[in-house]
Amino acid sequence: FPYTTLFRSPTVSYPQAIKTDEGKVVVPAGSKINPLLVTRLSKTLVFFDGRDPSQREAVSRLMARGGSTKYKPILVGGSWLDLTKSWKTQVYFDQHGVLSKRFGIRAVPSLIYQQGQFLAVEEVPSKELMK
C-alpha cells in the first residue's frame, strides 16, 4: 500500500485511585484500562486539513458515501463552522492538536478505526480517499 497503518493501544494508566464523591474506590491505584474492551469506537475518525482543497474534496466525497453515521470528520486546520454549514453535518476541530498528539498522527488525511482492542491509525493520501 502507498500509505502507513500504525496500531495504538488506548489503554489508560491510573497511578492514583479514582473515587466517587462518597470516597468509594471505583478504579484502584495502578489499574490499566483499555476502554475498547468494554465499548466500541462507533465511527471512523477522519483527520484532515480543511485548508487543502484536495483533502477537503476527498473527505467531502467520503462523507457523501458514508455520512455521519459512519465517519466523524475532524479538522486539524481550517474552518469547522464553514464546513459544518456547507456539508450540513457536524465537523469537529482538533483544538491545539490534542487528539493528533494522543493518537500519534503524523500526516493527514488519517483515518482512525477500531481493530480489536487497538486503534488503527491509517495515513491515506487524498486521492486514495476519493476512490
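Okay, a definition before anything else: buried means under 20% relative accessible area, exposed means over 50%, and partly exposed is whatever falls in between, using a 1.4 Å probe and protein chains only. What you have on screen is a predicted model, where local features need pLDDT of at least 70, side-chain atom pairs count only at pLDDT 80 or more, and totals for chains, interfaces and linings use all residues. Residues are numbered from 1 along each chain as its sequence is written, and side-chain values use heavy atoms, with hydrogens and water left out.

Right, the overall layout. We have four helices and ten strands, where helices (H or I, at least four residues) and strands (E, at least two) are DSSP runs numbered from the N terminus. Reading from that end, the order is β-β-β-β-β-β-α-β-α-β-α-β-β-α. Along the principal axes, the C-alpha atoms fill a box of roughly 50 × 35 × 25 Å. The protein has 131 residues, and 37% of them count as buried. On contacts, meaning heavy atoms within 4.5 Å: taking those with a separation of 6 or more, 58% are between residues 24 or more positions apart. The protein exposes about 8,200 Å², with carbon and sulfur atoms supplying 53% of that; those areas come from the Shrake-Rupley method with a 1.4 Å probe, and for residues only the protein chains shown count as cover.

Now, my favourite bit, helix α1. It covers residues 53-70, so to speak 18 residues, yet its end C-alpha atoms are only 22 Å apart, where a straight helix would reach 26 Å at 1.5 Å a residue. That expected span is 1.5 Å times one less than the number of residues. Where is the kink in α1 centred? On Ala 64, and the angle is about 75 degrees. The bend at a residue, by the way, is the angle between axes fitted to the seven residues ending there and the seven starting there.

Which residues of α1 are buried? Gln 55, Ala 58, Val 59, Leu 62, Met 63, Gly 66 and Gly 67. What they pack against is a list: β6 (44-49), β7 (71-77), α2, β9 (110-115) and α4 (126-129).

Let's step into β7, which holds Leu 75. Leu 75 is buried, at a relative accessible area of 0%. Leave aside the neighbours within four places in sequence, and Leu 75 still contacts Phe 48, Asp 49, Gly 50, Trp 80, Leu 83, Val 91, Tyr 92, Phe 93 and Asp 94. The C-alpha atoms of Leu 75 and Arg 56 are separated by 9.6 Å, with their positions 19 residues apart along the chain.

Trp 80 from that contact list sits in helix α2, residues 80-87, and is partly exposed at 39% relative accessible area. Together with Leu 81 and Phe 93, Trp 80 makes a nonpolar surface patch of about 260 Å². Patches take residues with over 30% relative accessible area and no salt bridge, joining like charges within 9 Å and nonpolar side chains (Val, Leu, Ile, Met, Phe, Trp, Tyr) within 5 Å.

Salt bridges, then: a side-chain nitrogen of Lys or Arg within 4 Å of a carboxyl oxygen of Asp or Glu. How many salt bridges does that rule give? Three. Arg 51 pairs with Asp 49 at 2.9 Å, N to O; Arg 51 is exposed at 58%, while Asp 49 is buried at 14%. Glu 57 meets Arg 61 at 2.8 Å, and both lie in α1, four residues apart, about one turn of the helix. The third joins Arg 106 and Glu 123 at 3.2 Å. That pair links distant parts of the chain, with Arg 106 in the loop between α3 and β9 and Glu 123 in strand β10 (residues 118-123), 17 residues apart. Arg 106 is exposed at 57%, whereas Glu 123 is buried at 15%.

Last, some backbone oddities for the torsion fans. The Val 108 to Pro 109 peptide bond is cis, omega near 0 degrees, and Pro 109 lies in the loop between α3 (98-103) and β9. Lys 88 is not a glycine, but its phi is positive, near 60 degrees. Lys 88 is in the loop between α2 and β8 (92-93), exposed at 74%. His 96 also has a positive phi, about 60 degrees; His 96 lies between β8 and α3 and is exposed at 64%.
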